[in-house]
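I opened my notebook and set out to look through this structure piece by piece. Here is what I wrote down, entry by entry.

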Amino acid sequence: MCLLLSKFKKKYKMKFLRILPLVLVTIFASCTSDNDDAPVDELDGIIKIQEITNDTHTIEVYSSTGTLQQGYNAISLRIKNKTTSEYEKSATVTWAPLMHMTSMSHACPFSVVSKTSGKETLYDGYVVFTMADNATEYWELTVNYTINGVAYTANSRIAVPASAKQRVTTFTGTDGVKYILALIEPKGPKVATNDMTVGVFKMQSMMMFPVVDNFKVKIDPRMPSMGNHGSPNNVDLTQSVSDKLYHGKLSLTMTGYWRINLQVLNASNEVLKGEAIVEGNPLSVSSIYFEIEF
Amino acid sequence: MKNFIIFISLSLLIPIAIIAQEKPADTITPKDLKEVIVIGKKTQLYQKQSKPLATIDEYLQQSTKVDMIRRGSYAWEPLINSMPTERTLVTIDGMRVFGACTDKMDPITSYVEVSNLSEATIKSGQQGSCHGATIGGSIDLQRNRSGFSDLGWDTSINTGFETNSQQKIIGSAINYTDKSFYIDTDFMFRDAENYTDGNGQEVLFSQFRKFNIAATSGFSFDENKLLEGSVIYDKATNVGYPALPMDVSLAQALITSLKFEYVPKSSKITNWETKIYYNTITHKMDDTKRPSVPIHMDMPGWSDTYGFYSKLKGVFNKHHFVADLNSFYNRSVAEMTMYPADSNEKLMFMYTWPDVKTFYSALFLDDNLALNSHSSLKFSGSIANHFNEVASQLGLESLQIFYPNMKDGKNRILKSISSNYLFDENGFSYSFGLAYGERAPSVSEGYGFYLFNSFDQYDYIGNPELNNENSIEGNVSIGYKTQKWSAKMSSSYFHISNYIVGKPDETLIPMTIGANGVKIYTALDYATIFNADLNLEYQFSTDFRWKGQLVYSYGKDFEDKNLPFISPLRYFSSLNFKKQNFSSEIAVQGNATQTEFSPFYGEDRTPDYAILNFDAGYSFDFEKVKCNLKAGIENIFDTYYSTFSDWNNIPRKGRNFFLNVAFGF
């Protein structure tokens with residue numbers, strides 16, 4: 001381990017520091033889980049980010065990595081009763097993320113919170129953090145919940161660092177409406193045809209970011225470091241009835257850095273934002289895009 | 001299935017029909033249709049060759065059935081009957097070896113040396129299907145072995161120098177033979193700089209360096225049993241490919257085999273030979289020496305083959321039969337890693353050969369029936385099972401981008417059948433034959449992923465759903481021979497269905513920077529290839545001998561478009577003089593203008609050329625040392641030329657003086 005560390009130190013010092021909290025959280029989580037009442041598999045594949053407490057409950061917030069980041073985040077939580085140390089199994093939960101900027105506050109797109117299927121104590125949903133926090137601006141998450149007709153609330157500052165690659169893009173369409181696109185899948189991109197999922201939201205007000213229906217998201221993955229070549233057999237994203245998200249296929253023919261150039265089309269097939277890539281021009285890009293590196 | 005039943009019934013019926021019309025038996029051994037290029041037997045000091053230490057490529061080029069695609073000074077790709085590697089079969093003593101380069105920079109012939117070999121046997125079309133499936137024919141490179149002929153030590157040293165490219169050659173052979181044991185070892189080293197073309201221009205990146213060491217050892221017991229082990233280690237480094245965008249930093253092969261041979265004393269079986277073998281090849285392309293590359297990349301490849309064959313030869317009445325059961329397993333992997341200009345970015349990696357495993361098993365049967373003292377009939381047939389599997393999950397998923405329903409394995413049955421009639425009486429001979437054969441797509445054709453072809457500037461994608469390519473073939477030869485004259489004309493015609501080629505797909509975007517587009521391997525309805533050659537020899541007197549060769553080739557697809565690498569009319573003529581220990585030859589070789597070229601495959605019109613070569617040799621004994629000197633000039637007039645088979649029209653060597661010296665002890 002020491003040898004490994006020293007080897008990594010030079011080249012990956014920065015990277016290691018970045019994942020160090022993750023490692024610690026993992027160790028911590030695995031140490032504490034022994035004392036928990038809930039079955040161990042309740043927490044399979046998720047790591048605790050932090051706790052939000054009020055007088056009566058402790059709300060444990062989880063994600064697959066143990067951190068949040070700018071863009072789409074699948075978040076799980078469970079509510080522990082402070083007096084009984086039991087986890088609440090039948091709460092009705094909502095949440096409200098809020099960005100405190102120096103001059104104003106705004107929310108971001110988020111889903112409803114529902115009981116996680118197949119789990120006893122977990123609730124889950126997603127939040128698309130449109131920006132990262134910084135020294136003066138921060139995100140606050142408020143969790144509202146009702147248990148047996150009694151309403152509770154708890155809130156706390158949460159850390160949302162910038163993502164290494166662009167996973168969310170905000171733009172104003174030709175219709176004058178402000179839209180937000182968030183990359184949801186692939187989470188673990190492969191050299192393969194990947195399932196791609198994107199959330200498309202519009203900013204109705206500073207606090208309301210509903211899902212947009214019946215749009216189309218065209219994708220054109222490119223490798224700018226290699227002549228801006230593309231990949232074959234991508235399938236543009238269309239909305240699914242079930243989860244309201246946009247689904248398509250993303251072909252990645254090799255590892256490395258891919259820029260997923262986007263075009264957003266409305267229900268009448270008009271391009272609201274984004275430009276088609278000019279073949280043979282290594283510098284051609286669309287103004288809206290995601291980034292994937294693996 | 002229908003074809004299969006026809007095949008089986010034909011192969012069963014024909015010999016029976018022949019047996020039914022038996023005539024009085026005779027002891028004549030029927031002739032075989034093959035061409036043998038003598039490379040070097042250790043006992044004779046290469047004396048008959050015009051340039052004894054020529055490369056194997058130069059030796060093979062002597063055959064009228066063979067052309068060589070040339071991408072540089074080194075590792076030329078043999079074409080048999082105008083067909084490239086995928087459609088032909090090159091073996092070393094019956095062993096299957098597969099190159100590890102996705103760009104065909106390492107044909108099998110590049111992993112052996114002239115010092116390893118005694119001869120190359122070239123067979124046309126299905127005549128060459130003994131060791132595997134082929135369409136165009138086969139070359140079997142035969143290892144040198146002293147056997148039990150001359151007892152004791154036999155040592156020789158070979159050295160050579162060529163002025164153009166400053167090629168230095170040094171080699172040695174040490175052989176020891178006892179009554180029941182022999183060991184042959186040989187070593188050869190070549191080191192060449194860039195050569196200059198006929199305009200005196202240096203052809204950059206045409207250098208190479210190669211090292212080859214080999215040993216064969218046999219042990220006989222019970223008088224009629226022989227156990228023989230053989231190993232070749234070949235390593236080429238710093239090989240330039242002026243016609244390609246990349247060079248090779250390492251091409252390395254280890255080729256090993258163990259053979260058991262049994263000669264029954266009194267039996268219908270005359271010889272039974274069983275061999276197990278293993279070979280491994282590592283090939284590393286290198287672009288670090290090129291002055292400017294759009295993106296630096298590593299492209300290593302590996303190929304491992306395990307195989308065996310068991311070959312039974314026998315005589316039953318007038319039937320000379322051969323049965324050969326053979327099998328191999330090959331694993332081919334090649335990958336590509338590209339280094340982005342921004343070193344913080346992650347490396348770009350892909351499998352270009354996605355760990356493709358091939359398992360092949362075949363039974364080959366051949367019956368050569370002497371009808372009478374001057375005619376014979378020959379039938380052969382084989383049936384093979386060919387199984388491919390993509391073992392890399394990453395590689396499989398990469399290909400599934402193109403073929404979403406692709407499975408990781410694919411099985412194919414390959415059939416071959418041929419029949420020939422030979423007649424030979426009083427110097428007059430003729431033969432004709434018909435054959436049918438099939439082949440599976442090669443690893444690149446089936447599973448290649450963005451393989452850049454610098455000839456037509458396209459990226460190629462394999463197609464795992466390709467059908468077997470199959471060929472119906474007819475051949476005719478006619479010859480006449482007197483004491484002074486010898487003339488032979490032979491021709492072959494191939495009608496190849498499901499002819500595998502790359503077809504541009506306009507919707508796809510090339511990966512390689514600067515490429516014209518992407519081609520997907522697909523099959524043409526059919527293509528036809530016709531080759532005819534004329535070999536003439538005339539013995540003027542005991543000292544003078546004239547030799548002439550004329551070759552005509554034709555290749556079109558079903559839409560009457562030209563196929564690539566079809567030779568224009570080519571000719572060779574030489575006059576030999578030999579008196580006692582002195583020998584000399586003057587030779588002219590040339591091509592007519594290539595008018596039937598194929599722009600679709602990246603070809604352009606190649607002008608005609610003719611060059612003149614001269615050599616002289618003298619052998620003498622000094623004390624107990626046999627010396628053989630050979631000196632010559634190639635391309636005497638320093639002609640600037642390139643041929644139809646020179647990749648991207650790279651020019652050939654200008655004037656070149658060479659000196660080969662051999663000492664035998």
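**Chain B as a whole.** I counted the secondary structure of chain B and found 4 helices and 31 strands. I kept in mind that the model is predicted. Next I looked up how far chain B spreads: its C-alpha atoms fill a box of roughly 75 × 60 × 50 Å along the principal axes. Would the radius of gyration fit a compact globule, or miss it, and what is the value for chain B? I noted 25 Å for chain B, and a compact globule of 665 residues would be near 26 Å, so the two agree. Buried residues make up 46% of the 665 residues in chain B. I also checked contacts in chain B with a separation of 6 or more, and 65% of them join residues 24 or more positions apart.

**One tyrosine in chain B.** I then picked Y176(B), which sits in strand 9 (residues 167-177) of chain B. Is Y176(B) buried or exposed? I found 16 other C-beta atoms within 10 Å, so Y176(B) counts as partly exposed, because a buried residue needs 20 or more and an exposed one has 12 or fewer. Leaving aside neighbours within four places in sequence, Y176(B) is in contact with W153(B), Y182(B) and I183(B). I also looked up G147(B), 29 residues from Y176(B) along the chain, and their C-alpha atoms are 9.8 Å apart.

**The largest nonpolar core.** I read that nonpolar side chains tend to be buried together in soluble globular proteins. The largest nonpolar core here has 161 residues, and V128(A), L181(A) and V198(A) touch the most other members. Strand 11 (residues 178-185) of chain A gives the most to this core, with 6 residues. Domain 2 (36-158) and domain 3 (168-293) of chain A both contribute residues, so this core lies between them. A second, separate core has 9 residues, among them A133(B) and L414(B). Going back to V128(A), I listed some of its contacts beyond four places in sequence, including Y72(A), F110(A), I180(A) and F201(A).

**A sheet in chain A.** I traced an open sheet of 4 strands in chain A, in the order 5-4-8-9, with antiparallel pairing. Which strands are at the edges? They are strand 5 (105-106) and strand 9 (150-158) of chain A, each pairing on one side only. Strand 8 (residues 138-147) and strand 9 of chain A pair over 9 bridges.

**Where the chains meet.** I finished with the contact, which takes 22 residues from chain A and 25 residues from chain B. On the side of chain A that touches chain B, I noted 8 nonpolar, 11 polar and 3 charged residues.

How values were computed:
Residues are numbered from 1 along each chain as its sequence is written. Chains are lettered from A and ligands numbered from 1 in the order in which they are written. This is a predicted model: local features need pLDDT of at least 70, side-chain atom pairs count only at pLDDT 80 or more; totals for chains, interfaces and linings use all residues. A nonpolar core is a set of buried Ala, Val, Leu, Ile, Met, Phe, Trp, Tyr and Cys residues joined through C-beta atoms within 7 Å. Helices (H or I, at least four residues) and strands (E, at least two) are DSSP runs, numbered from the N terminus. Domain bounds come from an automatic or database domain assignment. Two residues are in contact if their C-beta atoms, placed from the backbone, lie within 7 Å. Ala, Val, Leu, Ile, Met, Phe, Trp, Tyr, Cys and Pro count as nonpolar, Asp, Glu, Lys and Arg as charged, and the others, Gly among them, as polar. Two strands pair if DSSP finds at least two bridges between them. The radius of gyration is taken over C-alpha atoms; the globule rule is 2.2 Å times the number of residues to the power 0.38.
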